[in-house]
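Subject: Structure for your review

Dear colleague,

Please find below the structure I agreed to pass on to you. My findings follow it.

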Amino acid sequence: MYMRPAASAQGVCVGRDVAPEDILYYMKAMLLMSSEEGDRTSHTKGRTRFILARLGEEAFVARYKEFLARVQAEENLAFTLPVEPKRGIAVASDANVQAASHDAAVLTHPRIGAQKQAGLYYVSYHPVGGTIPREVFLELLHYLSNSEGTEIRLTGEEGLYIVNLTAEEAKTVAAMTEDGARTRFEASVSCIGSTVCQIGFQDSQGLLATCIRRLREEGLSHEYLPKIHISGCPSSCGTHQVGHIGFHGAVKLVDKKPVPGFTMFVGGSEEHGRERFGKQLGVMAATDIPEFFVALAKLLQDAKLPYEAWIGDHQEELEALAGKFI
Ligand code: SF4
């Protein structure tokens, strides 16, 4: 469990290997800490990240542990998680039995995978920007409501898995969700942005949709582009700091007039043990960003390398390319 400090900075670890059934103790402890240590005179500064900025990491963790010990001593918040799939198909214990127990034909679909339970499958689905079209969502819910034991599980990056499906159901669900992302780039992370969020000032969802549309129009192979992260403002709901390429909403002056723009970051990482924030390069006009990705996709296509393999030897080339649009 990590908490984020006041300014952009990496969080601090306040608990490791927390048993899932104990998670409510940790949440209640943070609630108490926020209530008793937070600045109650200001909604903004009352957030726990400001407590971390005030106390420093060591004192923050120590104080949090006092609250945790109090909650653990005074309350009973443990609960039991269901562990068995609700569908009563036997779990295969041997890999060969497992392979033989699945329909090879259905597994040729790129978004269908085999579960460890013989005869059961999952379908992965990443709605663009994490926003499921209403009609797809309703059709999916209606279909699954008639298939007892099926579940929808959310990922941490705006995707979802539909699990506990038979082979026939998996094929049907895959067909229902064909509107989703086709590549890693199309599975990029975007916050909801200014069309919905009252704090935000740029349309992050619109930027992602425009980039995807532009790349599809161009007919370029964009499977080499990385997953990017976009936030509509400097708050990091789109986790722009940890993307290989990230953007947060900004304003750019063009001919001395303000136009919608995004500040660009490169080189972030969320990989466990290698976490780092990206380097800020500058602000691009929102209308130029799709053209930047068209140019980058061409470079990667010529190199026939995914971005992650290419960037190691081409950092300067990337920054020079970005510089043409900043
Ligand atoms: S990053 Fe900004 S615009 Fe996006 S959801 Fe968060 S507050 Fe709103």
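I begin with C233, which is buried, with a relative accessible area of 8%. Please bear in mind that the model is predicted. C233 is one of the residues around the ligand, together with C191, C197, I199, G200, S231, G232, S235 and C237. By class, this shell divides into five nonpolar and four polar residues, with no charged residue among them.

Although the ligand shell includes several cysteines, such as C191, C197 and C237, a search of the whole structure finds zero disulfides. C211 illustrates the point: the closest cysteine sulfur to its own belongs to C191 and is 14 Å away, too far for a bond, given that a disulfide requires the sulfur atoms to lie within 2.5 Å. C211 is itself buried, with a relative accessible area of 0%.

Turning to the sheets, five strands form an open sheet of mixed pairing, in the order β7-β8-β9-β10-β11. The edges are occupied by β7 (189-190) and β11 (279-285); each has a single partner strand, so one side of each is left without a neighbour in the sheet. Within this sheet, β9 (residues 245-254) and β10 (residues 257-266) run antiparallel and are joined by ten bridges. One of the paired positions is F247, whose bridge partner in β10 is M264.

The loop between β8 (228-231) and β9 contains T239. The phi of T239 is near 50°, a positive value in a residue other than glycine. T239 is partly exposed, with a relative accessible area of 31%.

A further set of pairings centres on β4. Strand β3 (residues 112-114) pairs with β4 in the antiparallel sense over three bridges, and G113 stands opposite Y122 of β4. The two strands form a hairpin with six residues between them, and G119 in the turn has a positive phi of about 85°. β4 is also joined to β6 (residues 160-165) by four bridges, again in an antiparallel arrangement; here S124 has Y161 as its bridge partner in β6.

Which residues of β4 lie on its covered face, and which on its uncovered one? In this strand (residues 121-125), Y121, V123 and Y125 form the covered face, whereas Y122 and S124 form the uncovered one. In a regular strand the side chains alternate between the two faces of the sheet.

Strand β6 also holds N164, which has a positive phi of about 65° although it is not a glycine. In contrast to the partly exposed T239, N164 is buried, with a relative accessible area of 3%.

Finally, I draw your attention to helix α3 (residues 57-74). At 1.5 Å a residue, its 18 residues should span 26 Å, and the end C-alpha atoms are indeed 26 Å apart, which agrees. The buried residues of α3 are F60, V61, Y64, F67, L68 and V71. Seen down the helix axis, they fall within an arc of 125°, so they line one face of α3. The face turned away from this buried side carries the exposed residues E58, A73 and E74.

Yours sincerely

Note on methods. Residues are numbered from 1 along each chain as its sequence is written. This is a predicted model: local features need pLDDT of at least 70, side-chain atom pairs count only at pLDDT 80 or more; totals for chains, interfaces and linings use all residues. Side-chain values use heavy atoms; hydrogens and water are left out. The expected span of a helix is 1.5 Å times one less than its number of residues. Buried means under 20% relative accessible area, exposed over 50%, partly exposed in between (1.4 Å probe, protein chains only). The arc is that of the directions from the helix axis to the C-beta atoms. A residue is near a molecule or strand if one of its heavy atoms lies within 4 Å of it. Ala, Val, Leu, Ile, Met, Phe, Trp, Tyr, Cys and Pro count as nonpolar, Asp, Glu, Lys and Arg as charged, and the others, Gly among them, as polar. Two strands pair if DSSP finds at least two bridges between them.
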